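Please examine the model shown below together with its sequence. The paragraphs that follow lead from one helix to the chain as a whole, and then to individual residues.

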Amino acid sequence: MTQLQERLALDHSEIHDLLECLGQDVDVPACGALSETWEKLETRLLRHMDAEELYLLPLLEESHPAEVERTRAQHTRIRKLVAELGIAIELHTIRKSAITELIELLNRHAAREDAGLYRLAGEKASVAVERILLSVLKGTLRRAVAASTHAFGS
């Protein structure tokens, strides 16, 4: 397993853990815990899918177009559920069943990606693409860009 594959799998695991925390926060609401967990989860999950779409899927579009299309379709469905959950959290109408639905969808999606997509993309990714993707997943690229923009007054 490459470093990239390990990082992508770790991202799946950490996202799953945040989802579990979200489910616990719904069961035992503490002041602000649900919103805080949601913010972390939403940011992490959207960043993960964006990184896959920007850097991994283009590597496979020509050789595995059906797999790429299936992944994009699942990402669209996941984003829809995430938007619905965000609204429900904001309106204080969130239900555990909605979180369970997202957990189940993400578990199936992650298993499919771990089993094939990441191996295929890892074989095609250049060292430069791999480094960029690792930085994006770690959240360090955005912080580095933000810091340099701030330092140069842009």
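How many residues does helix α3 have, and what distance does α3 reach from its first C-alpha to its last? In this predicted model, helix α3 covers residues 65–90, which amounts to 26 residues. From first C-alpha to last, α3 reaches 37 Å, close to the 38 Å expected at 1.5 Å a residue.

Helix α3 belongs to a protein chain with six helices and zero strands, and the pattern read along the sequence is α-α-α-α-α-α. The protein chain has 154 residues, of which 40% count as buried. Among its contacts with a separation of 6 or more, 78% are between residues 24 or more positions apart.

The buried residues of α3 are E67, V68, T71, H75, I78, L81, V82, L85, G86, A88 and I89. An α-helix has 3.6 residues a turn, so residues three or four places apart point the same way. The cover over the buried residues of α3 includes α1 (3–27), α2 and α4. Just after α3, H92 adopts a positive phi of about 60°.

Helix α2, one of the elements covering α3, has 28 residues, which should span 40 Å at 1.5 Å a residue. The end C-alpha atoms of α2 are 39 Å apart, in agreement with that expectation. Helix α2 nevertheless contains a kink of about 40°, centred on E53.

Within α2, which comprises residues 33–60, lies E52. What is the nearest side chain of opposite charge to E52, and how far away is it? That side chain is R79, at 7.8 Å, and E52 is buried yet has no salt bridge. A salt bridge requires a side-chain nitrogen of Lys or Arg within 4 Å of a carboxyl oxygen of Asp or Glu. The side chain of E52 does make a polar contact, at 2.8 Å, with the side chain of H75, one of the buried residues of α3. Leaving aside neighbours within four places in sequence, E52 is in contact with H12, L57, P58, H75, H109, E113 and Y118.

A second glutamate, E101, is found in helix α4 (residues 96–124). Is E101 buried or partly exposed? With a relative accessible area of 36%, E101 is partly exposed, because buried means under 20% and exposed over 50%. Not counting residues up to four places away in sequence, E101 touches R77 and L81. E101 and L81 are 20 residues apart in sequence, and their C-alpha atoms are 8.7 Å apart in space. L81 is itself among the buried residues of α3.

Conventions: Residues are numbered from 1 along each chain as its sequence is written. This is a predicted model: local features need pLDDT of at least 70, side-chain atom pairs count only at pLDDT 80 or more; totals for chains, interfaces and linings use all residues. Side-chain values use heavy atoms; hydrogens and water are left out. Helices (H or I, at least four residues) and strands (E, at least two) are DSSP runs, numbered from the N terminus. Buried means under 20% relative accessible area, exposed over 50%, partly exposed in between (1.4 Å probe, protein chains only). Lys and Arg count as positive and Asp and Glu as negative; His and the chain ends are not counted. A polar contact is a pair of N or O atoms within 3.5 Å; within protein, one must be able to donate a hydrogen and the other to accept it, and residues adjacent in sequence count only if both atoms are side-chain atoms. Contact means heavy atoms within 4.5 Å. The expected span of a helix is 1.5 Å times one less than its number of residues. The bend at a residue is the angle between axes fitted to the seven residues ending there and the seven starting there.
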